[in-house]
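Here is my note for you, set out as numbered points. Please keep the structure open beside the text as you read.

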Amino acid sequence: MNIGITGASGLIGRRLVDLALRRGYDITAFSRSPEKPIAGCTMRLFPKDAPPDCTGCEAVVHLAGESVLGLWTRSKKERISRSRIEGTRRVVEGMLALRNRPEVFVSGSAIGIYPDSGDAELLEEAPAGRGFLAETAVAWEREAQRSPTPRTVLLRTGIVLAREGGAFPLMRRFFRLGLGGRLGTGKQWMSWIHLDDLARLILFCVENQSIAGPVNGTAPWPVRNEDFTRFLASAVHRPALFNAPAFALRLLGEFSDELLGSKRVLPGVASAQGFPFEFPELPAALKHLL
Ligand SMILES: NC(=O)c1ccc[n+]([C@@H]2O[C@H](COP(=O)([O-])OP(=O)(O)OC[C@H]3O[C@@H](n4cnc5c(N)ncnc54)[C@H](OP(=O)(O)O)[C@@H]3O)[C@@H](O)[C@H]2O)c1
């Protein structure tokens, strides 16, 4: 089977490519810079203003988008939403243009779609929230749902824990220096997933014909920020004496809402379908990543 992957050069994409190649899939990687090869992949252009050529792809996994990390200036927010909404529209147009269409479209989404919900558990049926990230995710998913594929999966990914990218390497450095600490009250829930489990879950969605619609890409054991802090400090054998007060985090702008908001997301679909998490619990995931 040939899987087309946008964002194959990114954090999640690279791990997915490695895993899919090991499982014997052919990969077509779509990139804004197809001249930069990704080992084992056929490279194709992901044009900025036209649909990509998805010919020959039997599945498409769409992961491209401007990173949400960093300060959300007006232009950054515009890049975050445009790259997702218009990018997804172009991928869907690329598939609509084909006579032989892919069987399945797995489109990246994020748990940012859910509202700040305190201690309430959030399954895939939970309603969407308000605010920039939630409204971007709703519009992003709406574009994906126009896909002509028999199955469309909306992968609502949580905080991805990985050695090589995302927020974790920075957290690890702070905690190793003894500068780690909880954010705000620390009572807010954090829904995380180990990168290896996420890559396996994406292929599980590609392969499992009974999966369609929203799928929470999170581990079955979300934790409160204070517990995440305690586990990470203990894993690096340092105290976590500091506390970043909410008012200081607010200096980061709207992105602080994502750090302080509480999202206790559970992988309802993945669990119901019997997805075997390798890292269901945080301490083992952290041990593996340190
Ligand atoms: N990492 C996380 O913690 C996390 C959490 C929730 C959801 N997600 C979602 O999962 C998807 C993949 O995440 P990731 O962490 O792997 O992403 P990433 O590494 O930040 O980027 C993925 C790829 O997107 C392309 N890209 C970057 N900026 C772009 C822009 N402005 N316009 C168009 N394409 C752009 C780049 O590919 P080329 O340069 O090759 O085109 C890049 O390699 C994203 O949609 C993200 O929102 C990630």
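1. Which side chain of opposite charge is nearest to Arg151, and how far away is it? Before answering, please bear in mind that this is a predicted model. The nearest such side chain is that of Glu103, at 6.3 Å, and Arg151 has no salt bridge although the residue is buried. Because a salt bridge requires a side-chain nitrogen of Lys or Arg within 4 Å of a carboxyl oxygen of Asp or Glu, the 6.3 Å that separates Arg151 from Glu103 does not qualify.

2. The surroundings of Arg151 deserve a second look, since a missing salt bridge does not tell the whole story. The side chain of Arg151 reaches the backbone oxygen of Ile211, at 2.7 Å. If neighbours within four places in sequence are set aside, the residues in contact with Arg151 include Glu103, Val104 and Phe105, as well as Cys205, Gln209 and Ala212.

3. Arg151 belongs to strand β7, and this strand has its own place in the sheet. The open sheet is formed by seven strands with parallel pairing, and their order is β3-β2-β1-β4-β5-β7-β12. At the edges stand β3, covering 41–45, and β12, covering 213–217, each of which pairs on one side only. From one strand to the next, the twist averages 20°. As general background, the strands of a sheet pair through backbone hydrogen bonds, in either a parallel or an antiparallel manner.

4. The pairing of β7 with β12 can be followed in some detail. Strand β7, residues 151–157, runs parallel to β12 and is joined to that strand by five bridges; Thr157, for instance, has Gly217 in β12 as its bridge partner. Although β12 is an edge strand, four of its five residues are buried, so β12 is largely enclosed by the rest of the structure.

5. A helix should be added to this picture. Helix α3, made of residues 132–144, lies across both β5 (104–110) and β7, and its direction makes an angle of about 175° with β5.

6. The structure holds 17 salt bridges, and a few of them are worth locating. In general terms, side chains of opposite charge can pair when their charged atoms come close. Glu78 and Arg82 meet through their side chains in a salt bridge of 3.5 Å, taken from N to O. These two residues are four apart in helix α2 (residues 74–96), and therefore Glu78 and Arg82 are separated by about one helical turn. Glu78 is partly exposed, at a relative accessible area of 44%, and Arg82 is also partly exposed, at 44%.

7. A second example lies in helix α6 (residues 225–235), where Arg230 and Asp227 are three residues apart, about one turn of the helix. Their side chains form a salt bridge of 2.9 Å, N to O. Arg230 is partly exposed, with a relative accessible area of 48%, and Asp227 counts as partly exposed at 22%.

8. Is the glutamate that pairs with Arg146 buried or exposed? Glu143 and Arg146 form a salt bridge whose closest N and O atoms are 3.2 Å apart. Glu143 is buried, with a relative accessible area of 11%, whereas Arg146 counts as partly exposed at 40%. Finally, please also find the network of salt bridges that links Arg15, Glu164 and Asp196.

Note on methods: Residues are numbered from 1 along each chain as its sequence is written. This is a predicted model: local features need pLDDT of at least 70, side-chain atom pairs count only at pLDDT 80 or more; totals for chains, interfaces and linings use all residues. Side-chain values use heavy atoms; hydrogens and water are left out. Two strands pair if DSSP finds at least two bridges between them. Axes are lines fitted to C-alpha atoms, for helices over the stretch in contact, and angles run from 0 to 180 degrees between N-to-C directions. Contact means heavy atoms within 4.5 Å. Buried means under 20% relative accessible area, exposed over 50%, partly exposed in between (1.4 Å probe, protein chains only). Lys and Arg count as positive and Asp and Glu as negative; His and the chain ends are not counted. A polar contact is a pair of N or O atoms within 3.5 Å; within protein, one must be able to donate a hydrogen and the other to accept it, and residues adjacent in sequence count only if both atoms are side-chain atoms.
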